[in-house]
Amino acid sequence: MMERLQKIDRRVIFAGLMLMIAIPLVKPLQLPVNISSETRAAYDLIEALPSGSNVLIATSIFPSTQAELEPQTIAMLNHLVKKQAKIVMAPCYPDTPPYLLKYAKMLEDAGYVEGIDYLNLPYLAGEETLYAAMGSDFKKTYDQTPSSELWDSISGVKSFSLVIVPNGGRHPLYVMAHISTPHAIDMIASITAVVLPNVQPYFNSGQIGGVVSGMNGAAEYESLVQVPGKALQGMDAQSLGHLWIIALVVLGNIGYFATRGKKAGGV
């Protein structure tokens with residue numbers, strides 16, 4: 001029996017791993033997650049918003065960053081809806097506008113009305129130069145935006161109480177340099193996990209008010225707003241997968257140490 005623990009068929013190993021990953025994707029377990037100080041700070045910024053505050057989401061979601069940034073964005077949108085914030089979404093990458101249409105549908109399902117409660121701005125190219133233009137003259141930058149109640153209420157970038165930047169690169173640093181710091185506007189960096197080392201120093205210094213990082217950050221935020229989504233499912237699957245691997249390592253070692261004496265005696 002102990003020798004068999006060291007010779008588990010690889011098909012059993014992979015089948016078990018697939019099962020461990022599939023279970024929470026079919027039926028979420030909602031395992032507890034530890035809330036990081038970065039995610040907690042981001043949550044607190046939105047929680048502190050007065051009802052009706054204007055929030056700018058300058059986003060650059062595209063297929064390769066979707067798995068991490070979209071759950072973060074949806075979790076924060078759910079929170080903003082609870083706070084009855086006015087939401088302006090600005091796509092800052094050519095692949096982003098279709099995602100904003102999806103989020104607009106989500107907002108409308110929650111009772112939001114386009115032009116009154118939320119607004120999708122047109123895509124503009126430029127990366128850092130675009131953020132510099134926003135900070136210099138927001139209304140002129142988007143001067144082709146049709147008139148609406150929400151748009152007409154905005155006089156400039158200072159009309160926003162908070163700016164959220166979903167991005168997998170350096171865009172949060174551009175927004176910090178040209179919008180949040182010069183105009184004293186709170187900022188949340190919504191980032192892929194690999195970007196965290198570039199953003200962490202500015203969170204530590206207080207220049208970035210909150211950070212939601214990677215799938216784990218999205219799961220933490222879903223837990224805080226009590227709206228479970230794909231991130232918590234993904235973290236459940238990852239946790240069970242890790243537990244399965246740990247169990248195999250433990251069983252293999254038990255088999256090894258239990259049979260070591262027999263092998264030594266047989267030499």
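This is a short tutorial chat about reading strands, helices, loops and pockets in a predicted model.

Student: Before we start, what should I know about the model and its numbering?

Tutor: Residues are numbered from 1 along each chain as its sequence is written, and side-chain values use heavy atoms, with hydrogens and water left out. The model is predicted, so local features need pLDDT of at least 70 and side-chain atom pairs count only at pLDDT 80 or more, while totals for chains, interfaces and linings use all residues.

Student: Let's take strands. How many residues of β1 are buried?

Tutor: First, the terms. Helices (H or I, at least four residues) and strands (E, at least two) are DSSP runs, numbered from the N terminus. Buried means under 20% relative accessible area, exposed over 50%, and partly exposed in between, using a 1.4 Å probe and protein chains only. Here, β1 covers residues 54-59, and 6 of its 6 residues are buried. Asn54, Leu56 and Ala58 point one way from β1, Val55, Ile57 and Thr59 point the other way, and all are buried.

Student: Which strands does β1 pair with?

Tutor: Two strands pair if DSSP finds at least two bridges between them. β1 runs parallel to β2 (residues 86-91), joined by 6 bridges, and Val55 has Ile87 as its bridge partner in β2. Going from β1 to β2, the chain passes through α4, and this β-α-β crossover is right-handed. That label applies if, with the strands pointing away from the viewer, the path from the first strand over the helix to the second runs clockwise. β1 also pairs with β4 (residues 162-167), again in the parallel sense, over 3 bridges; there, Leu56 stands opposite Val163.

Student: And what happens around β5?

Tutor: 5 of the 6 residues of β5 are buried, so the strand is largely enclosed by the rest of the structure. β5 pairs with β4 in the parallel sense over 6 bridges, with Pro166 opposite Ser190 in β5. The chain gets from β4 to β5 through α9, in a right-handed β-α-β crossover. β5 is also joined to β6 (residues 210-213) by 4 bridges, and those two run parallel. Ile191 has Ser213 as its bridge partner in β6. A right-handed β-α-β unit is made by β5, helix α10 (residues 196-204) and β6.

Student: Now helices. Why do the buried residues of α6 line one face?

Tutor: An α-helix has 3.6 residues a turn, so residues three or four places apart point the same way. In α6 (residues 128-136), the buried residues are Leu130, Tyr131, Met134 and Gly135. Seen down the axis of α6, they fall within an arc of 135°, so they line one face of the helix. The arc is that of the directions from the helix axis to the C-beta atoms. Thr129 and Ser136 are exposed and sit on the face turned away from the buried side.

Student: Which loop residues should I click on?

Tutor: Try Gln84, in the loop between α4 and β2. Its phi is near 55°, a positive value in a residue other than glycine, and at 52% relative accessibility Gln84 counts as exposed. Glu127 isn't a glycine either, yet has a positive phi of about 50°. Glu127 is in the loop between β3 (118-120) and α6, and counts as partly exposed at 42% relative accessibility.

Student: Last one: how do I read the pockets?

Tutor: Rolling a probe the size of a water molecule over the atoms shows where empty space is left. On a 1 Å grid over the protein atoms alone, a pocket is an open set of points where a 1.4 Å probe fits, with protein on both sides within 12 Å along at least five of seven lines; lining residues have an atom within 4 Å of a point. Grid points are joined across faces, edges and corners, and a volume is the space filled by probe spheres set on the points. The largest pocket holds about 180 Å³ of space. Of its 13 lining residues, the closest to the centre are Glu70, Pro71, Ile74, Glu222 and Lys230. α4 (63-82) and α11 (214-225) each give two or more residues to that lining, and α4 supplies the largest share, 7 residues.

Student: What is the volume of the second largest pocket?

Tutor: About 150 Å³. Its lining includes Leu31, Pro32, Asn216 and Ser239, and α12 provides the largest share, 3 residues.
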